[in-house]
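Student: Could you take me closely through one part of this structure and what lies around it? I would like one connected account that I can follow with the model open.

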Amino acid sequence: MLRIILLVLVILAVILLVPRLLSRSATPSAGSVAPDFTLPSQDGASVSLKDYRGKWVVLYFYPKDQTPACTREAHNFQVDQPKYAERNAVVLGVSLASVDSHKKFCAKECLNFRLLADPEHKVTSQYGSLTNFGVVKFAARNTFIIDPQGRIAKAYTSVDPVRHSEEVLAALSELEQQPKASK
């Protein structure tokens with residue numbers, strides 16, 4: 001009986017994990033051109049990456065609105081908004097949720113940066129952040145720092161939402177110093 005239970009568990013693990021492992025496309029690497037996109041935000045505006053040329057962009061993907069870890073991560077980005085502004089950086093969150101879901105999330109949590117809806121999974125796939133867990137799809141917790149020229153400066157995969165904003169701010173400080181050091 002124990003062998004049958006173990007066999008069933010192994011089969012279930014294979015059924016659930018293999019599609020997940022195979023579903024991810026390649027994550028853009030540092031130095032590559034960031035894939036351009038246009039997505040709707042919670043405020044009804046269409047947001048394009050090209051709109052932010054000349055600024056640093058922190059493009060973070062997250063699984064779901066109004067869940068504990070995603071809320072914590074969003075709160076940390078919100079609290080640190082003045083620090084991002086000092087660095088000429090903008091934070092954009094992306095998930096597969098709808099514009100209405102983002103509206104409710106922002107209203108409830110007092111978020112004033114843009115959350116972008118990617119219900120067709122196109123942008124999430126372009127950034128190698130689409131996770132397919134059986135029949136359920138969601139955005140993996142990945143972040144990309146995009147430089148003012150539109151290139152990936154740094155990529156984070158599987159981030160810790162509790163300390164991620166401070167980690168990104170530290171990286172931005174380092175990245176801002178690199179051009180000055182090379183002159």
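Tutor: Two residues are in contact here when heavy atoms of theirs lie within 4.5 Å of each other, and packing in what follows is meant in that sense. The coordinates belong to a predicted model, and every value below is computed from it.

The part I have chosen is the open sheet, together with the helix that packs on it. As a setting, the protein chain contains six helices and nine strands, and 43% of its 183 residues are buried. Among contacts with a separation of 6 or more, 68% are between residues 24 or more positions apart.

The sheet consists of five strands in the order 5-4-3-8-9, with mixed pairing. Strand 5 and strand 9 (152-156) are its edges, each pairing on one side only, and from one strand to the next the twist averages 20°. Helix 4 lies on this sheet, where it touches strand 4 and strand 5, and its direction makes about 160° with that of strand 5.

Which residues of helix 4 are buried? Within residues 99-109, they are His-102, Phe-105, Cys-106 and Glu-109. When one looks down the helix axis, these residues fall within an arc of 95°, and therefore they line one face of helix 4. An α-helix has 3.6 residues a turn, so residues three or four places apart point the same way. On the other side of helix 4 one finds Lys-104, Ala-107 and Lys-108, which are exposed. The buried residues pack not just against strand 4 (89-95) and strand 5 (114-117) but also against helix 2 (68-79). Just after helix 4, Cys-110 has a positive phi of about 55°.

Moving into the sheet, consider strand 3 (residues 56-61), which in the strand order stands between strand 4 and strand 8. With strand 4 it pairs in the parallel sense over six bridges, while with strand 8 it pairs in the antiparallel sense over four bridges. Val-58 illustrates both pairings: its bridge partner in strand 4 is Val-91, and in strand 8 it stands opposite Ile-145. The next residue, Leu-59, stands opposite Phe-144 of strand 8.

In a regular strand the side chains alternate between the two faces of the sheet. In strand 3, Trp-56, Val-58 and Tyr-60 point one way, and Val-57, Leu-59 and Phe-61 point the other way. Are these residues buried or exposed? Both sets are buried, and strand 3 is accordingly described as mostly covered, with six of its six residues buried.

Strand 8 also has both faces covered, with Thr-143 and Ile-145 buried on one side and Phe-144 and Ile-146 buried on the other. Its pairing with strand 9 is antiparallel, over four bridges, and Thr-143 stands opposite Tyr-156 there. The hairpin formed by strand 8 and strand 9 has five residues between the strands, and within this hairpin Gly-150 takes a positive phi near 90°.

At the other end of strand 8 sits Asn-142, in the loop that runs from strand 7 (136-139) to strand 8 (143-146). Why does Asn-142 count as buried? Buried is the word for a relative accessible area under 20%, and Asn-142 counts as buried because its relative accessibility is 1%. Its side chain makes a polar contact of 3.0 Å with the side chain of Ser-129. Setting aside neighbours within four places in sequence, the residues in contact with Asn-142 include Leu-59, Tyr-60 and Phe-61, as well as Gly-128, Tyr-156, Thr-157 and Ser-158. Of these, Leu-59, Tyr-60 and Phe-61 have already appeared in strand 3, and Tyr-156 is the residue opposite Thr-143.

Lastly, at the edge strand 9, there is a contact with a loop from elsewhere in the chain. Ser-32, placed in the loop between helix 1 (2-23) and strand 1 (38-40), touches Arg-151 and Ile-152 when residues up to four places away in sequence are not counted. Although Ser-32 and Ile-152 are 120 residues apart along the chain, 5.6 Å separates their C-alpha atoms. Ser-32 is partly exposed, with a relative accessible area of 24%, and its side chain reaches the backbone oxygen of Ser-29 at 2.6 Å.

Conventions. Residues are numbered from 1 along each chain as its sequence is written. This is a predicted model: local features need pLDDT of at least 70, side-chain atom pairs count only at pLDDT 80 or more; totals for chains, interfaces and linings use all residues. Side-chain values use heavy atoms; hydrogens and water are left out. Buried means under 20% relative accessible area, exposed over 50%, partly exposed in between (1.4 Å probe, protein chains only). Helices (H or I, at least four residues) and strands (E, at least two) are DSSP runs, numbered from the N terminus. The arc is that of the directions from the helix axis to the C-beta atoms. A polar contact is a pair of N or O atoms within 3.5 Å; within protein, one must be able to donate a hydrogen and the other to accept it, and residues adjacent in sequence count only if both atoms are side-chain atoms. Two strands pair if DSSP finds at least two bridges between them. Axes are lines fitted to C-alpha atoms, for helices over the stretch in contact, and angles run from 0 to 180 degrees between N-to-C directions.
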